[in-house]
Amino acid sequence: MGRGRVQLKRIENKINRQVTFSKRRSGLLKKANEISVLCDAEVGLIVFSTKGKLFEYATDSCMERVLERYERYSYAERQLVPTDPISPGSWTLEHAKLKTRLEVLQRNQKHYMGEDLDSLSMKELHNVEHQLDSALKHIRSRKNQLMHESISVLQKKDKALQEQNNQLSKKMKEREKELAQQNQWDQQNHEIHSSSFVLQQQLDSPHLGEAYQSAGVDNGEVEGANSQQQPSSTGMPQWMLRHLNG
């Protein structure tokens with residue numbers, strides 16, 4: 001006998017209903033994964049149990065991206081098909097969507113903070129870990145980029161300061177050399193002016209001629225006395241020479 005067709009109605013037995021939910025949920029998640037892989041489709045599946053427990057599946061484990069895409073598509077559809085803005089039904093639907101999205105974001109935030117992890121399966125924990133690893137890679141990459149940029153800026157500043165220091169040192173050496181040369185020239189000019197001043201004072205002195213004249217007289221007297229005291233070259237006395245000459 002073949003398997004009979006299951007009548008679609010609520011299962012009254014609580015245990016049977018829970019078992020059926022578990023089996024159908026696993027099959028539904030499997031089918032969502034298959035259609036995503038085989039057809040390269042972006043799939044987002046959300047299932048709430050009777051106790052309010054959430055089960056979800058999203059392509060590349062990114063439900064937020066699927067919901068954002070759905071919101072953009074729904075907004076574009078609403079723009080094309082005008083609806084009554086005063087309709088209570090539209091506001092109720094929008095409120096429900098926003099509330100659901102907020103709950104998903106809050107739950108994911110708690111998971112990223114390491115909270116409420118008891119309700120997650122092994123695959124869901126692996127997805128959370130993968131997302132955290134990806135986020136850490138982006139954070140470290142950005143951090144390293146900022147560090148390299150800061151180091152580059154500091155190196156440029158250091159190079160500029162070194163160049164300024166070298167220029168200042170060069171200017172100081174040139175200034176010291178100029179001052180040394182100026183001091184040497186000033187000293188030479190001072191010595192020259194001092195010598196010229198002393199010589200001019202000696203030339204302008206009124207006693208200089210008298211000194212030269214007195215020196216000449218004294219020299220003449222000395223020479224006459226020397227000539228008188230010198231003996232004759234003939235070796236004879238002076239009175240004999242005078243007698244012979246007379």
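At 32% relative accessibility, E42 counts as partly exposed, a label for residues between the buried class (under 20% relative accessible area) and the exposed class (over 50%), using a 1.4 Å probe and protein chains only. The model here is a predicted one, in which local features need pLDDT of at least 70, side-chain atom pairs count only at pLDDT 80 or more, and totals for chains, interfaces and linings use all residues. Residues are numbered from 1 along each chain as its sequence is written, and side-chain values use heavy atoms, with hydrogens and water left out.

E42 has a charged partner: its side chain meets that of R65 in a salt bridge (3.6 Å, N to O), the term meaning a side-chain nitrogen of Lys or Arg within 4 Å of a carboxyl oxygen of Asp or Glu. This pair links distant parts of the chain, with E42 in the loop between α1 and β1 (44–48) and R65 in helix α2 (residues 63–80), 23 residues apart. Helices (H or I, at least four residues) and strands (E, at least two) are taken as DSSP runs and numbered from the N terminus. R65 is likewise partly exposed, at 39% relative accessibility. The pair also belongs to something wider, as E42, R65 and R69 are linked in a network of salt bridges.

The structure holds eight salt bridges. Another of them joins R101 to E68, with the closest N and O atoms 3.6 Å apart. R101 lies in helix α3 (residues 88–112) and E68 in helix α2, so this pair ties together parts that are 33 residues apart in sequence. Both ends are partly exposed, R101 with a relative accessible area of 28% and E68 at 35%. A more local case is the salt bridge between the side chains of E34 and K31 (3.9 Å, N to O). These two sit three residues apart in helix α1 (residues 14–39), so about one helical turn separates them. Here the partners fall in separate classes: E34 is partly exposed, with a relative accessible area of 30%, whereas K31 is exposed at 56%.

Now for the overall layout. The chain has six helices and two strands, and along the sequence these follow the pattern α-β-β-α-α-α-α-α. β1 and β2 run antiparallel and are joined by five bridges; strands are called paired if DSSP finds at least two bridges between them. L45, for one, has Y57 as its bridge partner in β2. The hairpin that the strands make has five residues between them, and G52 takes a positive phi near 90° there. The loop between β1 and β2 (54–58) also holds S49, a residue that is buried, with a relative accessible area of 15%. Not counting residues up to four places away in sequence, S49 touches F21 and F55, a contact being heavy atoms within 4.5 Å.

In a regular strand the side chains alternate between the two faces of the sheet. β1 has L45 and V47 on a covered face, while G44, I46 and F48 make up the uncovered one. L45 and V47 are also part of the largest nonpolar core, which has six residues and is completed by A32, V43, F55 and Y57. Such a core is a set of buried Ala, Val, Leu, Ile, Met, Phe, Trp, Tyr and Cys residues joined through side-chain atoms within 4.5 Å. β1 and β2 are the elements that give two or more residues to this core. Apart from it lies another core, of five residues, among them A58, M63, V66 and V104. V43, a member of the six-residue core, has contacts that include A58 and V66 as well as A32, I35, S36, Y57 and T59, leaving aside neighbours within four places in sequence.

At the level of the whole chain, 10% of the 246 residues count as buried. The chain exposes about 21600 Å², and carbon and sulfur atoms supply 56% of that area, as worked out by the Shrake-Rupley method with a 1.4 Å probe. Among contacts with a separation of 6 or more, residues 24 or more positions apart account for 32%.

As for confidence, the mean pLDDT of the chain is 77, and 70% of the residues reach 70 or more; pLDDT is the predictor's confidence in each residue, from 0 to 100. Over residues 225–234 pLDDT stays under 50, and the model has three contacts beyond four places in sequence for that stretch. Where pLDDT is low, the predicted coordinates should not be read in detail.
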